[in-house]
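Reader: I am new to this structure. Please take one part of it and walk me through it closely, then show me how that part fits into the whole.

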Amino acid sequence: MAPMRMTRRAFVKAACITGAAVTPGCGLLEGMLGPPVNQSNGVIAFKRSGRGLRISNAAKLNNANKVYATAEAAADDPAHPGDNSKVVQITMNRQLFDRLFANGKTSSDLRHDL
């Protein structure tokens, strides 16, 4: 009898269900970013997103690495004048939010601030 084969999608799903830390969504970055987000420690933050849009490589890098405390700060910080990325809401751990936006900062670049 031939051995059973598992697809990549099935493997990742099984790993997430069992709690193995093999993907970023399953806790691999948990030690660096703090405890998981839940109802008691979640804070709303904002990012720019080019999902479903044609955007430049500069906008892709900007969107991947910057987070904002307010929607206005996100809207006012495009990668360049032609950047048409939209502002989206995310939920972030409170400890991480406090660390990134200390002293009244409204934007944070994850490449430098983590």
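**A close look at the end of β1**

Author: Start with Ser49. Beyond the residues up to four places away in sequence, Ser49 touches Asn63, Ser85, Lys86 and Val88. Keep in mind that this is a predicted model. Ser49 is found in strand β1. Its relative accessibility is 16%, so Ser49 counts as buried, the limit being under 20%. The side chain of Ser49 also reaches the backbone nitrogen of Arg51, at 3.2 Å.

Arg51 is a useful contrast. Arg51 sits in the loop between β1 and α3. Arg51 has a relative accessible area of 72%, and the exposed class starts over 50%, so Arg51 is exposed. Along the chain, Arg51 and Lys86 are 35 residues apart. Their C-alpha atoms are separated by 8.5 Å.

Now step to Arg48. Arg48 has its place in strand β1, which covers residues 42-49. Is Arg48 buried or exposed? Arg48 counts as buried, because its relative accessibility is 6% and the limit is under 20%. What surrounds Arg48? Leaving out residues up to four places away in sequence, Arg48 touches Asn62, Asn63, Tyr68, Ala74, Ala75, Asp77, Pro78, Asp83, Ser85, Lys86 and Val87.

Polar atoms take part in this setting. The side chain of Arg48 has a polar atom 2.9 Å from the backbone oxygen of Ala74. The side chains of Arg48 and Asp83 are joined by a polar contact of 3.5 Å. Lys86 also appears in the list of residues that Arg48 touches. Arg48 and Lys86 are 38 residues apart in sequence, yet their C-alpha atoms are 5.5 Å apart in space.

Next comes Asn63. Both Ser49 and Arg48 touch Asn63. Asn63 lies in helix α3, residues 57-65. At 6% relative accessibility, Asn63 is under the 20% limit and therefore counts as buried. The side chains of Asn63 and Ser85 make a polar contact of 3.0 Å. Neighbours within four places in sequence aside, Asn63 is in contact with Lys47, Arg48, Ser49, Gly50, Ile55, Asp83 and Ser85. Asp83 is thus in contact with Asn63, and Asp83 also has the polar contact with Arg48.

Look at the helix around Asn63. In α3, the buried residues are Ala59, Asn62, Asn63 and Asn65. What covers the buried residues of α3? The cover includes β1, β2 (66-68), β4 (107-109) and α6 (110-113).

Go back to the strand. Six of the eight residues of β1 are buried, so β1 is largely enclosed by the rest of the structure. β1 pairs with strand β3, residues 86-93, in the antiparallel sense. The pairing runs over eight bridges. One bridge joins Gly42 to its partner in β3, Asn93.

β1 also feeds a nonpolar core. The largest such core has nine residues: Val43, Ala45, Val67, Ala69, Met92, Leu96, Phe97, Leu100 and Phe101. Both β1 and α5 (94-100) supply at least two residues each. The largest share, three residues, comes from α5. In soluble globular proteins, nonpolar side chains tend to be buried together. Take Val67 from this core. Beyond its neighbours within four places in sequence, Val67 is in contact with Phe46, Lys47, Ile90, Met92, Leu100, Phe101, Thr106, Ser107, Ser108 and Leu110.

Now the whole. The protein has six helices and four strands. From the N terminus, the elements run α-α-β-α-β-α-β-α-β-α. Of the 114 residues, 28% count as buried. Among contacts between residues at least 6 apart in sequence, 62% join residues at least 24 apart. The accessible surface comes to about 8100 Å², and 56% of that belongs to carbon and sulfur atoms.

Last, confidence. The average pLDDT of the protein is 81, and 75% of the residues score at least 70. Over residues 22-32, pLDDT stays under 50. For this stretch the model has 14 contacts beyond four places in sequence. Where pLDDT is low, the predicted coordinates should not be read in detail.

How values were computed:
Residues numbered from 1 in each chain as written. Predicted model: local features only at pLDDT ≥ 70, side-chain atom pairs only at ≥ 80, totals over all residues. Heavy atoms only, no water. Buried < 20%, exposed > 50% of the residue type's maximum accessible area, 1.4 Å probe, protein only. Contact = heavy atoms within 4.5 Å. Polar contact = N/O pair within 3.5 Å; in protein donor to acceptor, adjacent residues only side chain to side chain. Pairing = 2+ DSSP bridges. pLDDT = per-residue confidence, 0-100. Core = buried A, V, L, I, M, F, W, Y, C linked by side-chain atoms within 4.5 Å. Areas by Shrake-Rupley, 256 points an atom, 1.4 Å probe, with all protein chains shown as cover.
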